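User: I'd like to learn how to read salt bridges, sheets and buried charges in a model. Can you walk me through this one?

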Amino acid sequence: MNLEERINNYHKIFPKYSKLIINNNCIEGIWVMGNNYTTKTDLYGAYPYGYLKRIYSLFNFQPNKTLHLFAGSLPDNPEYDKVDYNTGIDAHNMSEILPHNFYKLILADPPYSVEDCDHYGCCMVKRNVVFKECYKIMEKDGYLIWLDQVLPNYKKIEWDIVARIGMVKSTNHRFRVITIFKKK
């Protein structure tokens, strides 16, 4: 699917939400997620309600080829893999365990700050190290969807940015950026 087809699919599924555009060969837009308290998890910082549905409307879920990083609130499921502090696999060296050039889709939602890490009981993520690990396990033309408050360091010779979407849940919530990278 090209970028135009992706946003058309998004607009078909979510016709009343803010429109996404293509600017300089990159999807851009803003998502206001809204307060929805049906997200049931004991974990601080879980994906906002509806986030994955919106993501998958743009970048299809890939059964058995999808990896969720830092997603402890997701239930275990045989159709995707998870790497999180509670799975026993460290994202900083996951390529020692996970197959190389394998995943078509990786979704990452790391802790954004030291305060967040205190909530999770983990250490701050070394984004550049995790990015290198993602490159090793991602297949060519695969997508890395990175939800964060910062744009992580990446090598332009290895990745293209194909989407930047600002996201806020509602009032008094952090503004985050969904940056979507395509492996070259």
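User: Let's start with charges. Which residue forms a salt bridge with E28, and how far apart are the closest N and O atoms?

Analyst: The general idea is that side chains of opposite charge can pair when their charged atoms come close. Keep in mind that this is a predicted model. Here E28 pairs with R164 in a salt bridge, with 3.6 Å between the closest N and O atoms. E28 sits in strand β2 and R164 in strand β7, so this pair ties together parts that are 136 residues apart in sequence.

User: Are those two partners buried, partly exposed or exposed?

Analyst: E28 has a relative accessible area of 22%, so it counts as partly exposed. R164 is at 39%, which makes it partly exposed too.

User: How many salt bridges does the structure hold?

Analyst: There are 7 salt bridges. Among them is D160 with K184, at 3.2 Å from N to O. D160 lies in strand β7 and K184 in the segment after β8, so the pair links parts that are 24 residues apart in sequence. Another joins D141 and K140, at 3.8 Å. D141 is partly exposed, with a relative accessible area of 41%, while K140 is exposed at 56%.

User: What else should I look at around D141?

Analyst: Look at where it sits and what it meets. D141 belongs to strand β6 (residues 138-148). Leaving out residues up to four places away in sequence, D141 touches K182 and K183. Its C-alpha is 7.6 Å from that of K104, though D141 and K104 are 37 residues apart in sequence.

User: Take K183, then. How far away is the nearest side chain of opposite charge?

Analyst: That side chain is E158, 8.2 Å away, and K183 is buried yet has no salt bridge. With a buried charge like this, I'd check the polar partners next. The side chain of K183 makes a polar contact with the side chain of N101 at 3.2 Å. A polar atom of the K183 side chain also lies 2.5 Å from the backbone oxygen of M138. K183 is in strand β8 (residues 175-183), and its contacts beyond four places in sequence include Y135, K140, G142 and W159.

User: Now the sheet. In what order do the strands run?

Analyst: Strands of a sheet pair through backbone hydrogen bonds, either parallel or antiparallel. In this model, 8 strands form an open sheet with mixed pairing, ordered β1-β2-β7-β8-β6-β5-β3-β4. The edges are β1 (21-22) and β4 (81-83), each of which pairs on one side only. At the β4 edge, β3 (residues 66-69) runs parallel to β4, and 3 bridges join them. To find your place there, look for H68, which stands opposite K82 in β4.

User: And which strands do the helices α2 and α4 touch?

Analyst: Helix α2 (residues 51-58) packs on the sheet and touches β2, β3, β5, β6, β7 and β8, with its direction at about 160 degrees to that of β2. Helix α4 (residues 127-137) also packs on the sheet, touching β3, β5, β6, β7 and β8. The direction of α4 makes about 150 degrees with that of β6.

User: Why is α2 described as largely enclosed?

Analyst: Count its buried residues: 7 of the 8 residues of α2 are buried, so the rest of the structure largely encloses this helix. The buried ones are Y51, L52, R54, I55, Y56, S57 and L58.

Technical notes: Residues numbered from 1 in each chain as written. Predicted model: local features only at pLDDT ≥ 70, side-chain atom pairs only at ≥ 80, totals over all residues. Heavy atoms only, no water. Helix = DSSP H or I, 4+ residues; strand = E, 2+ residues; numbered from the N terminus. Buried < 20%, exposed > 50% of the residue type's maximum accessible area, 1.4 Å probe, protein only. Lys, Arg positive; Asp, Glu negative; His and termini not counted. Salt bridge = Lys/Arg side-chain N within 4 Å of Asp/Glu carboxyl O. Polar contact = N/O pair within 3.5 Å; in protein donor to acceptor, adjacent residues only side chain to side chain. Contact = heavy atoms within 4.5 Å. Pairing = 2+ DSSP bridges. Axes fitted to C-alpha atoms, helices over the stretch in contact; angles between N-to-C directions.
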